[in-house]
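The following note is offered to a colleague who is meeting this structure for the first time. Its points concern the ligands and their surroundings.

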Amino acid sequence: MIIIMKPDASAAAIDHIVNFIRQNGLETHLSTGHEVTIIGVVGDKTALADKNLEIAEGVDRILPVTESYKLTNKKFHPEPTIVKVGNTSIGGNNLVIMSGPCAVESAEQVMETAVAIKKAGAQILRGGAYKPRTSPYSFQGMEEDGLRLMKEAREATGLPVVCEVTSQAAIDAAVKYVDMLQIGARNMQNFFLLKEAGKTKLPVLLKRGLSATIEEWLNAAEYILAEGNPNVVLCERGIRTFETATRNTLDLSAVPVIRSKSHLPIIVDPSHATGVRDYVKPLALAAVAAGADGLMIETHPHPEKALSDGPQSLTFPQFEELCNTLRPVAALMGKPLA
Ligand code: PEP
Ligand code: MN
């Protein structure tokens, strides 16, 4: 961190800042120019958090040199992280596809979906039992009964399952049934939920918030890692922009950006990004070409009857076709679909 003093900062103000930083256990490097003095700060900057240095007398501005996120930062952990989810791994040399309905609706729906997506090439079953819906009058999910159905589908097919959690109560229930917790876009900055998910030590799929910057997203992941849980997978699912032709705007640049800044695996969800079934396949292909570690694709036995997100859900033949089209692209990218 670099503190730039105002041109008219007094010697006393500069001394005060330097002493204050040293008293907090950090070192300083002073650079006295013709017009301004610059104070370089060396050491663990968390000691200066909440000290309001930017409004101290004589300070013009403060520039961070390193990112605020440390545990998720590639600089301090250059090796890519591989997250084990049940019998599969995300972030290694395979492309992992998670698929299933937006919401768990019935035993038949989940079981039929699990069998079909496994046959087509998916490795993880998704399905929401706690649904964070925009309207309180929309279907809110089957809650613990839904989690139970997901577990039954895992027992029948061997596919690990991922379910979204929206509260402490949902976490307490989910740990009994699922292989991976999902924290959705709307809760990306629910810091209490992030910490509680971290404490479970289960793998966590952290979706990007609707209007979150990549830095905010990595700081959200940092909350989970700071609880001693390194098993985080990031999911780009589109961000809100001025465009209305799609539900969100898929920010595919997040894939190489995350790759350069973090060691965590990143997957892409073209279903929620577009909200339109026809756009899912081209963007899934683009995500794989951009280097994603996996995909999340919504599927439903009868999308026209789905209780949520039917318009973006693929039928099973469409999903199978998508997997077959992806296979050569994934192989070309060095991440073959298992
Ligand atoms: C979901 O995965 O069903 C979901 C609600 O996603 P998001 O949080 O990305 O909107
Ligand atoms: Mn959905």
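Which residues coordinate the manganese ion (ligand 2)?

1. The model is a predicted one. In it, the manganese ion (ligand 2) is held by four named donors: Cys102 through SG, His272 through NE2, Glu298 through OE and Asp309 through OD. The coordination distances run from 2.0 to 2.3 Å.

2. Along the chain, the donors of the manganese ion follow the spacing C-x169-H-x25-E-x10-D. Glutamate 298 belongs to strand E14 (residues 294-298), while aspartate 309 is found in the loop between E14 and helix H10 (316-332), so this pair ties together parts that are eleven residues apart in sequence.

3. Ligand 1 has around it Cys102, Arg126, Lys131, Glu164, Gln182, Gly184, Ala185, Arg186, Lys207, Arg237, His272 and Glu298. By character, this shell comprises seven charged, three polar and two nonpolar residues. Cys102, His272 and Glu298, listed here, are also among the donors of the manganese ion.

4. Polar contacts to oxygen atoms of ligand 1 deserve attention. The side chain of arginine 126 places an N or O atom 2.6 Å from an oxygen atom of ligand 1. For lysine 131, the corresponding side-chain distance is 2.9 Å. Histidine 272 has a polar side-chain atom 3.2 Å from an oxygen atom of ligand 1, and its NE2 coordinates the manganese ion.

5. How much of ligand 1 does the protein bury? Taken alone, ligand 1 exposes 300 Å², and the protein buries 97% of that area. The space that ligand 1 takes up is the second largest pocket.

Conventions. Residues are numbered from 1 along each chain as its sequence is written. Chains are lettered from A and ligands numbered from 1 in the order in which they are written. This is a predicted model: local features need pLDDT of at least 70, side-chain atom pairs count only at pLDDT 80 or more; totals for chains, interfaces and linings use all residues. Side-chain values use heavy atoms; hydrogens and water are left out. A residue is near a molecule or strand if one of its heavy atoms lies within 4 Å of it. A polar contact is a pair of N or O atoms within 3.5 Å; within protein, one must be able to donate a hydrogen and the other to accept it, and residues adjacent in sequence count only if both atoms are side-chain atoms. Accessible areas come from the Shrake-Rupley method with a 1.4 Å probe; for residues, only the protein chains shown count as cover. On a 1 Å grid over the protein atoms alone, a cavity is a set of points where a 1.4 Å probe fits but cannot get out, and a pocket is an open set with protein on both sides within 12 Å along at least five of seven lines; lining residues have an atom within 4 Å of a point. A molecule sits in a cavity or pocket if more than half of its atoms lie within 2 Å of its grid points. Ala, Val, Leu, Ile, Met, Phe, Trp, Tyr, Cys and Pro count as nonpolar, Asp, Glu, Lys and Arg as charged, and the others, Gly among them, as polar. Donors are N, O and S atoms within 2.8 Å of the metal (3.2 Å for Na, K and Ca); water is not among the atoms, so sites may look incomplete. Helices (H or I, at least four residues) and strands (E, at least two) are DSSP runs, numbered from the N terminus.
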